[in-house]
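I opened my notebook today to look a few things up, one at a time. Here are my entries, in the order I wrote them.

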Amino acid sequence: MKYIFVCFILCTSLTLKAQEKQHYTYSNTPLTSVIAEIREKHKILFSFANDIVNEKVITLTTDTPIALDELLTILEAQTGLSFQKVSKSQIIITGKQPTLSNQILEEVIISGYVTSGIDRNKDGSIDVTSNSLGILPGLVVPDLLQSIQLVPGISSLDESASGIQIRGGSPDQNLILFDGIKLFNSGYLYGMFSAFNPYATEKVTLFKAGTSAFYGDRISGIIDISTGEQVPEKTISGFGMDGLSADAYVKTPVSDNLAVYVFARRSYTDALKTPTYDGYAKKIFRNSGIVKDINGRILSVENDDDYTVDTSTNTFSFYDLNAKIIYDITAKDKLILSSLFTRNTLDFSFTGDGETKTDDLVTRNNGLSLKWQHKSSDARHEEITAYFSKYRSFYLNEEHFGTLLEETNIRENTISDFGLNLTSHRIINEKQSFKFGYQMSNSNVSVDLIKTEPLTPEENESFINKAKNFKNAVFGEYTYTAKNSALISTGLRTVHYGSVGDLFLEPRLNIEYPISDQLRIKSSFERRNQPISQLVEFNQTELRLENNLWRLSDSDTYPLLQSNQMSGGFLFHGKGWTIDFDAYLKELSGLTTFTNGFSTPQLELEEGKSTIKGMEVLIKKRIDNYRIWLGYTYNDIDFNFSGIQAGAFPGNNDITHSFRLSNTLKLNNFQLSLGWQYRTGEPFTPIANFDPTNSVVAFGDINSARLEDYHRLDASAIYNFKFDKKKNSKGQLGFSVLNLYNRIKPISIIYRTEEEDAGLELKQVIQRYSLGFTPNVSFRLFF
């Protein structure tokens with residue numbers, strides 16, 4: 001670690017100097033990486049549609065230094081694209097033949113915002129492009145949901161890929177789209193890594209703030225995933241495996257205007273348990289630890305449900321399949337059909353004191369989308385997308401004493417969601433554009449909770465809820481882009497939710513203004529609503545790993561989630577440095593004591609609100625092939641629930657300080673990365689008094705105590721090689737380790753309680769622990 005900090009200090013004295021003529025050497029280098037290097041060397045902004053530069057590679061060696069104009073001519077010859085220099089500081093890249101993307105081009109303000117493949121756009125959104133993504137600490141596959149956690153303001157309290165919290169919002173408050181399909185489950189192995197094949201996901205567009213009026217139905221971040229929309233010039237394929245799964249893919253042109261994409265992945269952990277799986281299993285299948293009261297005294301709590309990986313048996317497996325058809329009907333019309341199928345299963349059993357408990361969990365998320373793009377003219381194009389999404393989570397728990405069935409618990413959550421989006425883009429002139437459209441969706445959500453006790457049928461319980469929400473929304477968005485690359489985007493979204501029977505207005509404003517070539521100031525404001533959210537279900541499950549249930553808001557019991565948020569800051573980028581600062585304020589209403597993120601068990605439903613104040617800082621330095629960046633996030637999250645406690649108290653996800661320091665280095669065919677992360681411990685509600693005779697418990701103030709601070713050191717290394725130069729076939733071997741120094745500490749404490757005659761009885765104290773030393777190895781072939 002001393003080496004890391006010494007390097008960071010040395011970096012402050014170094015700068016990169018762009019020269020009039022320079023040497024360039026590329027060998028099958030992605031065009032996106034070449035663009036990033038040119039931008040750094042010559043301080044030039046590039047505007048382009050991502051679809052036309054993806055899949056392009058450059059091979060070039062200059063014997064003598066050449067000027068930028070000569071380089072652009074060579075790039076045009078190799079790519080078939082047009083590099084138009086519209087000013088001394090801006091180049092527009094377009095296809096030489098008309099395409100359906102003759103729209104306002106995305107302008108990448110910073111290529112390699114964090115590392116290569118993570119770029120920042122002018123509107124504040126962040127693009128993560130898989131095929132050019134650089135190595136990241138602890139990762140040997142480009143898991144996109146893990147990768148975006150390197151961006152300040154984004155974190156996961158349980159170390160998972162799917163538990164992403166963006167600026168203090170809970171994971172269910174993020175909108176996740178996969179080729180236009182709305183998803184309700186995004187993780188495998190209890191969210192430890194994402195449910196999206198990393199080699200199927202071409203690009204992710206991430207919004208933390210300044211969200212386009214096109215997006216709605218969630219109050220936190222936007223994660224928009226695309227698997228690509230272009231007919232490739234030739235067949236592209238690959239195969240690989242790591243410590244958990246194997247995958248393969250092929251993208252092939254059937255003709256000049258028709259292509260088929262197929263991606264498949266399956267775990268093999270049900271047949272072979274590797275050290276990688278063991279590392280995750282030790283974290284997931286451990287739920288017990290020392291219990292202390294508010295004064296630090298160790299309590300004797302009899303938890304007959306405590307289990308570890310050594311006292312239980314488990315079988316886990318998953319698979320996903322993505323298929324896509326792209327058809328360029330004419331030069332003006334394109335049709336895209338995309339599908340997604342995911343399945344995650346777990347069989348778990350635990351035996352203690354003659355009692356056997358078994359758990360079966362199956363989670364599916366399937367979807368289909370059909371998109372039609374039409375180009376009416378160079379200044380106008382339309383898009384229609386229809387999608388269907390189906391989510392199902394089925395949990396079965398059985399408890400046996402010997403051969404006698406004592407209890408059965410069933411928990412089922414299903415969602416079917418159909419939607420239609422109509423969007424029109426209009427270019428008024430070089431500076432102004434307008435986008436507007438209509439969106440409709442129909443969601444059906446059901447929750448079934450069933451408990452049966454054969455020996456005492458009078459204690460059987462059941463809860464069944466079925467609800468639907470028909471949504472209608474219209475939106476409009478006006479964007480003004482000045483020659484100095486200033487941006488003003490203002491929009492309005494009007495939406496009616498049938499489940500709550502009301503109409504809502506959602507204004508949006510996003511401004512970025514350059515003070516100089518290197519310094520920009522920025523601000524945003526937005527109001528958003530959310531008609532569906534996850535509730536924490538405390539008492540029906542014994543396994544207690546996935547205990548969240550999706551439920552629609554209504555006009556009576558579960559209110560609509562609403563948020564007002566604003567942010568402001570500055571962005572400096574020059575001389576190899578990037579400094580990005582943002583401060584933000586979010587006000588949330590419609591929260592309940594059952595809302596995801598409120599883990600203190602309450603026997604009554606109460607409504608509350610939250611205020612989130614925070615700031616985030618990114619500092620990055622690039623020196624040739626070496627990058628070092630520091631990310632820091634401050635959050636102050638207050639909950640107000642007057643029905644359960646007077647005054648404000650910290651939210652369950654109130655992580656005051658979060659810090660990451662990461663390094664990457666490229667040496668010929670090797671890529672190396674080392675990263676250290678630290679954050680404040682999670683708050684929890686301590687036990688004030690406990691009577692071991694009848695297990696009656698009294699709690700202290702809500703979230704008035706904190707767990708130990710969390711920190712972890714991760715490393716990874718990748719070696720790239722070629723085995724058939726004529727066919728441009730490549731290979732990759734990777735190795736990574738999470739938590740190098742094997743520090744394992746509690747990261748959450750949850751209580752299971754029941755109301756009894758003597759008082760509140762403590763049934764179980766569940767402690768979740770951090771991931772220990774976890775290695776992973778990957779091998780890949782690209783054709």
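**Entry 1: Glu756**

I began with Glu756, which has a relative accessibility of 33% and therefore counts as partly exposed. The reasoning is short: buried would need a value under 20%, and exposed a value over 50%. I then looked up where Glu756 sits, and found it in strand β49, residues 746-756. Which residues does Glu756 touch, leaving aside its neighbours within four places in sequence? I found contacts with Glu761 and Lys763. I also looked at Gln767, eleven residues away from Glu756 along the chain. The C-alpha atoms of Glu756 and Gln767 are separated by 24 Å.

**Entry 2: How far to trust the model**

I reminded myself that this is a predicted model, so I checked the confidence, since coordinates should not be read in detail where pLDDT is low. The protein averages a pLDDT of 87, and 92% of the residues score at least 70. Where is confidence lowest, and where is it highest? The lowest is in helix α1 (residues 2-11), with a mean of 38, and the highest is in strand β31 (residues 487-497), at 97. Residues 1-19 have a pLDDT below 50, and this stretch has 28 contacts in the model beyond near neighbours in sequence. Residues 97-101 are also below 50, with eleven such contacts.

**Entry 3: Two helices**

Next I picked helix α2 (residues 31-42) and helix α4 (residues 68-79). They pack at an angle of about 170 degrees, and their axes are 13 Å apart. An angle over 145 degrees counts as roughly antiparallel, so that is how α2 and α4 run relative to each other. On the α2 side I noted Leu31, Val34, Ile38 and His42 in the contact; on the α4 side, Leu68, Leu71, Leu75 and Thr79. How do these residues divide by type? I wrote down six nonpolar, two polar and no charged.

**Entry 4: Aromatic rings**

I ended with the rings, and the structure holds 27 aromatic pairs. I chose Phe184 and Trp550: their ring centres are 5.5 Å apart and their planes are at 80 degrees, so I logged the pair as edge-to-face. This pair links distant parts of the chain, 366 residues apart. Phe184 is in the loop between β14 and β15, while Trp550 is in strand β35. Are these two residues buried or exposed? Phe184 counts as buried at 7% relative accessibility, and Trp550 counts as buried at 4%. My last note is one aromatic cluster, formed by Tyr199, Tyr249, Tyr261, Phe263 and Phe782.

Technical notes. Residues are numbered from 1 along each chain as its sequence is written. This is a predicted model: local features need pLDDT of at least 70, side-chain atom pairs count only at pLDDT 80 or more; totals for chains, interfaces and linings use all residues. Side-chain values use heavy atoms; hydrogens and water are left out. Axes are lines fitted to C-alpha atoms, for helices over the stretch in contact, and angles run from 0 to 180 degrees between N-to-C directions. Helices (H or I, at least four residues) and strands (E, at least two) are DSSP runs, numbered from the N terminus. Angles under 35 degrees count as roughly parallel, over 145 as roughly antiparallel, 65 to 115 as roughly perpendicular and the rest as oblique. Contact means heavy atoms within 4.5 Å. Ala, Val, Leu, Ile, Met, Phe, Trp, Tyr, Cys and Pro count as nonpolar, Asp, Glu, Lys and Arg as charged, and the others, Gly among them, as polar. pLDDT is the predictor's confidence in each residue, from 0 to 100. Buried means under 20% relative accessible area, exposed over 50%, partly exposed in between (1.4 Å probe, protein chains only). Rings of Phe, Tyr and Trp (its six-membered ring) pair if their centres lie within 6.5 Å; planes under 30 degrees apart count as stacked, over 60 as edge-to-face and the rest as tilted.
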